[in-house]
Amino acid sequence: MSQGLLQLTDIVAGYGDVMALHGVSLAVRDGSVTALLGSNGAGKSTLLKTAAGILTPRRGEIAFDGAAIAGKRASERVERGIVLIPEGRLIFPEMSVEENLRVGAFAPHARPHVARGLERAYALFPRLAERRRQSGGTLSGGEQQMLALGRGLMAEPRLLLLDEPTLGLAPLIAQSIFTVIERLRADGLTILLAEQDARRTLAIADYGYVLESGTGVMEGSGAELLADPKINSAYLGL
Ligand SMILES: Nc1ncnc2c1ncn2[C@@H]1O[C@H](COP(=O)(O)OP(=O)(O)OP(=O)(O)O)[C@@H](O)[C@H]1O
Ligand SMILES: [Mg+2]
């Protein structure tokens, strides 16, 4: 695949002496939804954390918009527009919905755009608008995921790194999250989406990568991967 907005090359990364990624390369094309698939422990979150700068790779290169960023801190990457919405949401339970959203705009480049960000978050998620004064901890799981997404958008991202946004959600809510992801792409956002729900993810993804035990084992368009018998047996249970 040609150069992307985000390009990871030969990434080796892990925790202490134990490596979780063993030389993974991946490109996220500008304006695309790119899927990152793989079962539990495959290395999806590790890869997203590496792209976000939360984890420093042992080896490999990371380019964003043509600039080498492997040595840049996480905060600098947020400034450049790389925003991670981590697994498990991590919202602030004592703070109201609106306060949680405002926290998302902490980066200097995002601060002037708080009003616009709130408007956008509430337009995407009318449920959050209705609950703007409610504390985050009292939201349902699906609403908390909406809040985590809304908060990430407040940082004015160019590239959204989404870690299993539909995990544990009822099918209908999960579907609405996928619909929002498609709307964000239509608005020009680029998205790297780690998911275990291969079928739904590939249905909306432009391109996808499959990780297995920290190694890239397959890549292709959403349609290609969906049609692949190996994907079918390993990830779709067909
Ligand atoms: N903080 C950590 N310390 C040590 N090892 C870790 C840590 N986080 C992850 N690992 C290990 O790294 C490997 C990859 O984990 P990772 O979280 O990236 O997988 P994943 O694909 O996101 O899985 P899941 O679908 O369950 O979220 C696993 O073997 C895991 O045990
Ligand atoms: Mg994970």
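Biologist: Which residues of helix α4 are buried?

Modeller: The model is predicted, and α4 covers residues 114-124. A residue counts as buried under 20% relative accessible area. By that cut-off the buried residues of α4 are V114, G117, L118, A121, Y122 and L124.

Biologist: Within what arc do the buried residues of α4 fall, seen down its axis?

Modeller: An α-helix has 3.6 residues a turn, so residues three or four places apart point the same way. In α4 the buried residues line one face of the helix. The face turned away from this buried side carries the exposed residues A115, E119 and A123. Seen down the axis, the arc of the buried residues is 160 degrees.

Biologist: Which helices do the buried residues of α4 pack against?

Modeller: Several helices meet the buried residues of α4, one of them being α5, residues 126-130. The full set is α3, α5, α6 and α7.

Biologist: What is the strand order of the open sheet of 6 strands?

Modeller: The pairing in this sheet is mixed. Its edge strands are β6 (82-85) and β10 (215-221), each of which pairs on one side only. Neighbouring strands are turned against each other by 15 degrees on average, direction ignored. From one edge to the other, the order is β6-β7-β8-β3-β9-β10.

Biologist: Which residue in β9 is the bridge partner of T34?

Modeller: Strand β3 (residues 33-37) and strand β9 (residues 207-212) run parallel and are joined by 4 bridges. In β9, T34 has as its bridge partner Y207.

Biologist: Which strands does helix α7 touch where it packs on the sheet?

Modeller: Helix α6 (residues 141-154) packs on the sheet by touching β6 and β7 (159-163), and its direction makes about 165 degrees with that of β6. Helix α7 (residues 171-186) also packs on the sheet, with its direction at about 155 degrees to that of β8. The strands touched by α7 are β3, β7 and β8.

Biologist: Is E143 buried or exposed?

Modeller: E143 sits in helix α6. Beyond four places in sequence, E143 touches R127, L128 and R131. A polar atom of its side chain lies 3.0 Å from the backbone nitrogen of S140. Because the relative accessibility of E143 is 5%, the residue counts as buried.

Biologist: Which residues are the protein donors of the magnesium ion, ligand 2?

Modeller: The donor atoms are an OG and an OE, lying 2.0 to 2.5 Å from the ion. One donor lies in helix α1 (residues 44-52) and the other in the loop between β6 and α3 (97-103), so the pair ties together parts that are 42 residues apart in sequence. The donors are S45 and E87.

Biologist: What relative accessibility does E87 have?

Modeller: S45 is buried, with a relative accessible area of 17%. E87 counts as partly exposed, a class that lies between 20% and 50%. The value for E87 is 35%.

Biologist: Which backbone oxygen does the side chain of R77 reach?

Modeller: R77 is found in helix α2 (residues 74-80) and is buried, with a relative accessible area of 1%. Among the residues that R77 touches beyond four places in sequence are T50, I62, I69, K72 and I82. The side chain of R77 comes to 3.0 Å from the backbone oxygen of K72.

Biologist: How many Å apart in space are R77 and E98, C-alpha to C-alpha?

Modeller: In sequence, R77 and E98 are 21 residues apart. In space, C-alpha to C-alpha, they are separated by 24 Å.

Technical notes. Residues are numbered from 1 along each chain as its sequence is written. Chains are lettered from A and ligands numbered from 1 in the order in which they are written. This is a predicted model: local features need pLDDT of at least 70, side-chain atom pairs count only at pLDDT 80 or more; totals for chains, interfaces and linings use all residues. Side-chain values use heavy atoms; hydrogens and water are left out. Two strands pair if DSSP finds at least two bridges between them. Helices (H or I, at least four residues) and strands (E, at least two) are DSSP runs, numbered from the N terminus. Axes are lines fitted to C-alpha atoms, for helices over the stretch in contact, and angles run from 0 to 180 degrees between N-to-C directions. Contact means heavy atoms within 4.5 Å. Buried means under 20% relative accessible area, exposed over 50%, partly exposed in between (1.4 Å probe, protein chains only). A polar contact is a pair of N or O atoms within 3.5 Å; within protein, one must be able to donate a hydrogen and the other to accept it, and residues adjacent in sequence count only if both atoms are side-chain atoms. Donors are N, O and S atoms within 2.8 Å of the metal (3.2 Å for Na, K and Ca); water is not among the atoms, so sites may look incomplete. The arc is that of the directions from the helix axis to the C-beta atoms.
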